[in-house]
Amino acid sequence: MPNIVGFLCNWCSYTGADLAGSNKLEVSPSISVTRVMCSSRINPSLVLNALLWGADGVLVAGCHPGDCHYKEGNYYTRRRFAQLKKVLESLNIDPERVELAWVSAAEGRRYAEVVNTFTEKIRQLGPNPLQKTQF
Ligand code: FES
């Protein structure tokens with residue numbers, strides 16, 4: 001079972017995850033969730049550190065573009081994420097190990113799909129090779 005770190009925004013994605021649970025949808029237990037107020041609160045260094053500390057994958061989920069409760073937060077997230085993928089490539093870390101998704105509070109089913117699909121993708125990539133590195 002992969003070890004995935006999830007950062008979910010409080011207003012949309014975390015509520016969507018809650019809805020998935022309330023509706024008893026099947027969500028992979030591979031994900032350990034941290035709730036943040038907005039996806040824009042996720043400094044890319046947190047994602048990088050999660051990978052360096054051995055997470056197999058990192059999922060960041062927030063409100064759909066235009067729906068961020070802090071107006072432009074998820075636009076910043078989207079831009080930072082594009083940069084983060086380039087940084088990961090330059091560090092020889094597979095950028096496919098990180099995922100950005102938009103999940104609203106009403107999308108419990110989408111949340112389940114995002115987590116299950118990402119889990120399967122990470123399973124196919126295999127364990128994070130950095131797990132063998134001791135810091
Ligand atoms: S409040 Fe959800 S992404 Fe900003």
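This is a short talk on a few helices, salt bridges and loop residues in one protein model.

Hi everyone. Before we start, please keep in mind that we are looking at a predicted model.

Let's begin with helix α1, which covers residues 13–22. Which residues of α1 are buried? They are Ser13, Gly16, Ala17 and Ala20. If you look down the axis of α1, these buried residues fall within an arc of 100 degrees, so they line one face of the helix. Here is a handy bit of background: an α-helix has 3.6 residues a turn, so residues three or four places apart point the same way. And what lies over the buried residues of α1? The cover includes strands β1 and β3 and helix α4.

Now please move along to helix α2, residues 44–52. Its buried residues are Val47, Leu48, Ala50 and Leu51. Why can we say they are on the same side of α2? Because the arc they cover around the axis is only 160 degrees. Among the elements that cover them are β1, at residues 4–9, and β3, at 57–62. Helix α3, at 73–90, and strand β4, at 98–102, also belong to that cover.

The ends of α2 deserve a look too. At its start, a side-chain oxygen of Asn43 comes to within 2.8 Å of the backbone nitrogen of Ser45. Just after the helix, Gly54 has a positive phi of about 110 degrees.

That brings us to positive phi in residues that are not glycine. Just after α1 you will find Lys24, with a phi near 55 degrees, and Lys24 is a residue other than glycine. Lys24 sits in the loop between α1 and β2, the strand at 31–36. Is Lys24 buried or exposed? With a relative accessibility of 74%, Lys24 counts as exposed. Asn92 gives us another case, with a positive phi near 65 degrees. Look for Asn92 in the loop between α3 and β4. Asn92 is exposed, and its relative accessible area is 74%.

Next, the salt bridges. How many does the structure hold? There are three. Let's take Glu96 and Lys121, whose closest N and O atoms are 2.8 Å apart. Glu96 is in the loop between α3 and β4, while Lys121 is in helix α4, so this pair ties together parts that are 25 residues apart in sequence. Both partners are partly exposed: Glu96 at 34% relative accessibility, and Lys121 at 28%.

Lys121 also forms a salt bridge with Glu99, at 3.2 Å from N to O. This pair again links distant parts of the chain, with Lys121 in helix α4 and Glu99 in strand β4, 22 residues apart. Glu99 is partly exposed, with a relative accessible area of 23%.

We also have Arg123 and Glu120, whose side chains meet in a salt bridge of 3.3 Å, N to O. These two both lie in helix α4, three residues apart, or about one turn of the helix. Arg123 is partly exposed at 42%, and Glu120 is partly exposed at 36%. Which residues are joined into one network by salt bridges that share partners? Those are Glu96, Glu99 and Lys121.

Let's finish with two spots in the loops. The loop between β3 and α3 holds Tyr70, which is partly exposed with a relative accessible area of 43%. Together with Trp11 and Met37, Tyr70 makes a nonpolar surface patch of about 310 Å².

Then there is Ser104, in the loop between β4 and α4, the helix at 108–125. Ser104 has a relative accessibility of 16%, and the cut-off for buried is under 20%, so Ser104 counts as buried. Leaving aside residues up to four places away in sequence, what does Ser104 touch? Its contacts are Cys12, Gly16 and His64. You have met Gly16 already, as one of the buried residues of α1.

To recap, α1 has its buried residues along one face, and α2 has its buried residues on the same side. Lys121 shares a salt-bridge network with Glu96 and Glu99. Thanks for listening, and do turn the model around for yourselves!

Terms used: Residues numbered from 1 in each chain as written. Predicted model: local features only at pLDDT ≥ 70, side-chain atom pairs only at ≥ 80, totals over all residues. Heavy atoms only, no water. Buried < 20%, exposed > 50% of the residue type's maximum accessible area, 1.4 Å probe, protein only. Helix = DSSP H or I, 4+ residues; strand = E, 2+ residues; numbered from the N terminus. Arc of directions from axis to C-beta. Contact = heavy atoms within 4.5 Å. Polar contact = N/O pair within 3.5 Å; in protein donor to acceptor, adjacent residues only side chain to side chain. Patch = residues over 30% accessible without salt bridge, like charges linked within 9 Å, V, L, I, M, F, W, Y side chains within 5 Å. Areas by Shrake-Rupley, 256 points an atom, 1.4 Å probe, with all protein chains shown as cover. Salt bridge = Lys/Arg side-chain N within 4 Å of Asp/Glu carboxyl O.
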